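Let's take a walk through this one together, starting from a small detail and working outwards. Have the viewer open and follow along.

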There are 2 protein chains.
Amino acid sequence: MPASHADYSIGQAARVAGVKVPTIRYYEAQGLLTPPPRTEGNQRRYGAAEVARLAFIRHARELGFPLPAIRDLLSLSDHPDQSCDAADAIARAQLAEVERRLENLTALKSELERMVDQCQGGRIANCRVIEVLANHDQCLAETHNPVT
Amino acid sequence: MPASHADYSIGQAARVAGVKVPTIRYYEAQGLLTPPPRTEGNQRRYGAAEVARLAFIRHARELGFPLPAIRDLLSLSDHPDQSCDAADAIARAQLAEVERRLENLTALKSELERMVDQCQGGRIANCRVIEVLANHDQCLAETHNPVT
DNA sequence: CTTGAACCTATAGCGACTGGAGAGTGTACC
DNA sequence: GGTACACTCTCCAGTCGCTATAGGTTCAAG
């Protein structure tokens with residue numbers, strides 16, 4: 001393979017994969033990327049496969065997968081002969097988590113809208129925003145979960 | 001005021017306000033609570049107003065307000081004569097943030113559902129979960145934002 | 001007066017990065 | 001072939017909002 005197996009500097013790999021340079025080094029430190037070969041001057045050089053792996057990680061991160069789950073998914077994709085039950089389970093767990101967060105956020109949104117709608121722009125003393133925050137009793141949301 | 005202005009230990013305040021003990025000390029260190037009086041033996045004692053303040057903070061946190069925003073809201077509620085425009089603006093900003101996250105999460109959810117639906121339980125080599133993660137092109141989501 | 005729960009401070013850790021300092025390297029241009 | 005300068009290196013600190021631990025002190029009930 002001629003130039004297709006070309007080397008990317010860490011900055012080029014970062015641009016192509018859409019991640020930041022320190023993030024790549026961080027992923028390496030966390031074991032999501034195997035340490036790449038270096039130039040004589042100790043600079044990392046990446047091939048197309050590593051860049052693809054980076055894009056995979058980025059995409060999974062955008063989908064909210066935590067790094068340990070991504071580590072698992074990567075090791076699965078490194079062994080294509082196995083059953084994909086495990087990958088499926090990870091994705092389903094993530095879907096459940098996303099649905100949970102969606103519910104929380106939706107409840108949140110309606111309460112915030114209620115707060116904002118009721119504020120008529122007077123004095124703090126009559127401000128619904130402050131009042132709603134002060135009186136938990138009036139709260140619609142019953143989340144005991146962290147809210148993010 | 002007799003016993004209504006009663007003193008609470010940090011643990012009692014925590015139970016009543018629904019936060020954890022170290023969290024109270026953390027809020028104090030972050031300047032959201034003024035340092036309360038202490039017993040001779042150096043233990044914090046809180047009054048009803050501080051407990052209410054804690055509940056306010058807790059509720060705002062449940063609504064996802066970051067601590068700096070809560071600091072602002074608290075200082076607003078300490079000055080009830082001012083206009084509530086500022087409080088309104090903070091709440092609106094938070095609402096916008098929540099809506100942004102909701103959009104991201106909704107896009108996410110459909111992509112995860114797509115991934116999971118398409119997985120037919122075969123080998124990794126044909127697994128849609130892995131494949132979708134590897135090919136960002138097929139992605140529905142256009143988020144460049146963090147996904148949480 | 002003794003026990004034991006609750007409290008104190010200080011510090012470190014979480015997850016997933018991000019930013020900076022200070023030094024070394026690679027490369028494009030003249 | 002030199003020089004300028006962007007890029008890269010490592011290491012360490014900071015972000016956010018807590019949470020947990022260690023090792024010591026105090027409070028309140030019996």
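Which side chain meets that of A:Arg44 in a salt bridge? It's A:Glu28, with N and O sitting 2.8 Å apart. Keep in mind as you look that this is a predicted model. A:Arg44 comes from the loop between α2 and α3 of chain A while A:Glu28 belongs to helix α2, so the pair ties together parts that are 16 residues apart in sequence. Both partners, A:Arg44 and A:Glu28, are buried. As a general point, side chains of opposite charge can pair when their charged atoms come close.

While you're in that loop, have a look at A:Gln30, which also lies between α2 and α3 of chain A. A:Gln30 counts as partly exposed because its relative accessibility is 32%. Its C-alpha atom is 9.5 Å from that of A:Pro68, a residue 38 places away along the chain.

Now zoom out to chain A as a whole. You'll count six helices and zero strands, so the order from the N terminus is simply α-α-α-α-α-α. Of the 148 residues in chain A, 41% are buried. If you take the contacts in chain A between residues at least 6 apart in sequence, 52% of them join residues at least 24 apart.

Back to salt bridges for a moment. Over all chains, the whole structure has 13 of them. Two more are worth finding in helix α5 of chain A. In one, A:Lys109 pairs with A:Glu113, and the closest N and O atoms are 3.7 Å apart. These two are four residues apart in the helix, which means about one helical turn separates them. A:Lys109 is partly exposed at 24% relative accessibility, and A:Glu113 is partly exposed at 27%.

The other pair is A:Glu111 with A:Arg114, again with 3.7 Å between the closest N and O atoms. Here the spacing is three residues, about one turn of helix α5. The two ends sit in contrasting surroundings: A:Glu111 is buried, at 0% relative accessibility, whereas A:Arg114 is partly exposed, at 22%.

Stay on α5, and bring chain B into view. How many residues does each chain put into the contact? Chain A gives 58 residues and chain B gives 58 residues. Between them the two chains bury about 4,900 Å², and 73% of that is on carbon and sulfur atoms. On the chain A side, A:His59, A:Ile124 and A:Leu133 lose the most area to chain B, together 14% of what that side buries. The elements of chain A that give two or more residues to this side are α3 (48-62), α4, α5 (85-118) and α6 (128-134). Helix α5(A) gives the most, with 20 residues. Sorted by class, the chain A side has 30 nonpolar, 15 polar and 13 charged residues.

What about salt bridges between the two chains? The count there is zero. For polar contacts across the interface, the rule finds one residue pair, with both residues at pLDDT 80 or more. For a close-up of this region, pick A:Asp88, which lies in helix α5 of chain A. A:Asp88 counts as buried because its relative accessibility is 14%. Setting aside neighbours within four places in sequence, A:Asp88 is in contact with B:Val116, B:Cys119 and B:Val129.

Last stop: the DNA. Around strand C you'll find 19 residues, and the closest are A:Tyr27, A:Thr39, B:Ser9, B:Gly11 and B:Arg25. Which part of the strand faces the protein, sugar and phosphate or bases? Of the strand C atoms within 4 Å of the protein, 87% belong to sugar or phosphate, and the rest to bases.

You can check some of these phosphate contacts one by one. A side-chain N or O atom of B:Ser9 is 2.6 Å from a phosphate oxygen of strand C, and for A:Thr39 the distance is 2.8 Å. B:Arg38 has a polar side-chain atom 3.1 Å from a phosphate oxygen of the strand. The elements giving two or more residues to the surface near strand C are α2 (21-29) and α4 (67-77) of chain A, together with α1 (10-17) of chain B. Helix α2(A) gives the most, with three residues. By class, this surface has six nonpolar, eight polar and five charged residues.

Definitions and conventions:
Residues are numbered from 1 along each chain as its sequence is written. Chains are lettered from A and ligands numbered from 1 in the order in which they are written. This is a predicted model: local features need pLDDT of at least 70, side-chain atom pairs count only at pLDDT 80 or more; totals for chains, interfaces and linings use all residues. Side-chain values use heavy atoms; hydrogens and water are left out. A residue is near a molecule or strand if one of its heavy atoms lies within 4 Å of it. A polar contact is a pair of N or O atoms within 3.5 Å; within protein, one must be able to donate a hydrogen and the other to accept it, and residues adjacent in sequence count only if both atoms are side-chain atoms. Ala, Val, Leu, Ile, Met, Phe, Trp, Tyr, Cys and Pro count as nonpolar, Asp, Glu, Lys and Arg as charged, and the others, Gly among them, as polar. Contact means heavy atoms within 4.5 Å. Buried area is the accessible area (1.4 Å probe) that two parts lose on being put together, summed over both. A salt bridge is a side-chain nitrogen of Lys or Arg within 4 Å of a carboxyl oxygen of Asp or Glu. Buried means under 20% relative accessible area, exposed over 50%, partly exposed in between (1.4 Å probe, protein chains only).
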